[in-house]
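Me: I'm new to this structure and would like to learn how to read it feature by feature. Could you walk me through it?

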Amino acid sequence: MAMSVLDIVLEKAKEQNATKITEITLEIGELLFLNPEQFHFCMELVTEHTMAEGTQINITVKPSKVKCKKCGKELRWDQSPDDHFVFPVLECECGCKDLEITEGRELNIVSIKIERP
Ligand SMILES: [Zn+2]
């Protein structure tokens, strides 16, 4: 996953005639269940020997959204107090269990800072 992010980042940087990438800001959906610190580490690894080597990497986790297909109410995925995810049987207040995940599964490249010649 870090590799594919890097590919996109490098491509965008090349389009801009960048010589170096100085900062990458990413947003990861919490339902991807990626540990931000681990992902940060992966990004550092894959950027080695590229123009993004040593870049500042910012990662924020985006909360999920789950929507009830019946009444349209938006819910949030539960999180246990120790910050580990639990997989509850999600049920809307209206009793409907037919829920759709609308946010939390995406990985967005928010911004890239580059240096030009
Ligand atoms: Zn509902």
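Reply: Gladly! Let's start with burial: a residue counts as buried when its relative accessible area is under 20%, exposed when it is over 50%, and partly exposed in between. C68, with a relative accessible area of 3%, is therefore buried. Keep in mind that this is a predicted model.

Me: What share of the 117 residues is buried?

Reply: Buried residues make up 31% of the protein.

Me: How many helices and strands should I look for, and in which pattern do they follow along the sequence?

Reply: Look for two helices and six strands. From start to end the pattern reads α-β-α-β-β-β-β-β. To see how the fold ties itself together, we can ask how far apart in sequence the touching residues are. Taking the contacts with a separation of 6 or more, 74% are between residues 24 or more positions apart.

Me: Next, the metal. Which atoms coordinate the zinc ion?

Reply: Four sulfur atoms do: SG of C68, C71, C92 and C94, at 2.3 Å. For geometry, the general idea is that four tetrahedral donors have ideal angles of 109.5 degrees. Here the angles among the four donor atoms run from 103 to 115°, and the site is tetrahedral.

Me: How are the donor residues spaced in sequence?

Reply: The spacing is C-x2-C-x20-C-x1-C. One pair, C71 and C92, links distant parts of the chain, 21 residues apart. C71 sits in the loop between β3 (65–68) and β4 (74–75), while C92 sits in the loop between β4 and β5 (99–103).

Me: Are C71 and C92 buried or exposed?

Reply: They fall into separate classes by the cut-offs we began with. C92 has 4% relative accessibility, so it counts as buried. C71 has 45%, so it counts as partly exposed.

Me: With cysteines in view, how many disulfides does the structure have?

Reply: A disulfide is a covalent bond between the sulfur atoms of two cysteines. A search of the whole structure finds zero of them.

Me: How do I read a nonpolar core?

Reply: The general idea is that in soluble globular proteins, nonpolar side chains tend to be buried together. In this model the largest nonpolar core has 18 residues, and I21, I24, L26, F39 and M43 touch the most other members. The elements giving two or more residues to this core are α1, β1, α2 and β2. Of these, α1 gives the most, with six residues. Apart from it lies another core, of seven residues, and C68 is among them, along with V66, L75 and L90.

Me: Which residues does I24 contact, beyond its neighbours within four places in sequence?

Reply: I24 is in contact with V9, M43, A52, T55, Q56, I57, N58 and S111.

Me: T55 is on that list. Where is T55 found, and is T55 buried or exposed?

Reply: T55 is found in the loop between α2 (36–47) and β2 (56–62). Its relative accessible area is 10%, so T55 is buried. Its contacts, again leaving aside neighbours within four places, are I21, T22, E23, I24 and T47. For E23 there is a detail to look for: its backbone nitrogen lies 3.1 Å from a polar atom of the T55 side chain.

Me: What joins the side chains of E30 and S64?

Reply: A polar contact of 2.6 Å joins them. E30 is in the loop between β1 and α2, and with a relative accessible area of 5% E30 is buried.

Me: Last one: which residues have a positive phi although they are not glycine?

Reply: Phi is a backbone angle, and two residues to look at are N17 and F33. N17 has a positive phi of about 55°, and so does F33. N17 lies in the loop between α1 (2–15) and β1 (20–29), and F33 in the loop between β1 and α2. N17 has a relative accessible area of 55%, so N17 is exposed. F33, at 37% relative accessibility, counts as partly exposed.

Note on methods
Residues numbered from 1 in each chain as written. Predicted model: local features only at pLDDT ≥ 70, side-chain atom pairs only at ≥ 80, totals over all residues. Heavy atoms only, no water. Helix = DSSP H or I, 4+ residues; strand = E, 2+ residues; numbered from the N terminus. Buried < 20%, exposed > 50% of the residue type's maximum accessible area, 1.4 Å probe, protein only. Polar contact = N/O pair within 3.5 Å; in protein donor to acceptor, adjacent residues only side chain to side chain. Contact = heavy atoms within 4.5 Å. Donors = N, O, S within 2.8 Å, 3.2 Å for Na, K, Ca; no water. Tetrahedral: all angles 85-135°; square planar, octahedral: opposite > 155°, others 65-115°. Disulfide = S-S within 2.5 Å. Core = buried A, V, L, I, M, F, W, Y, C linked by side-chain atoms within 4.5 Å.
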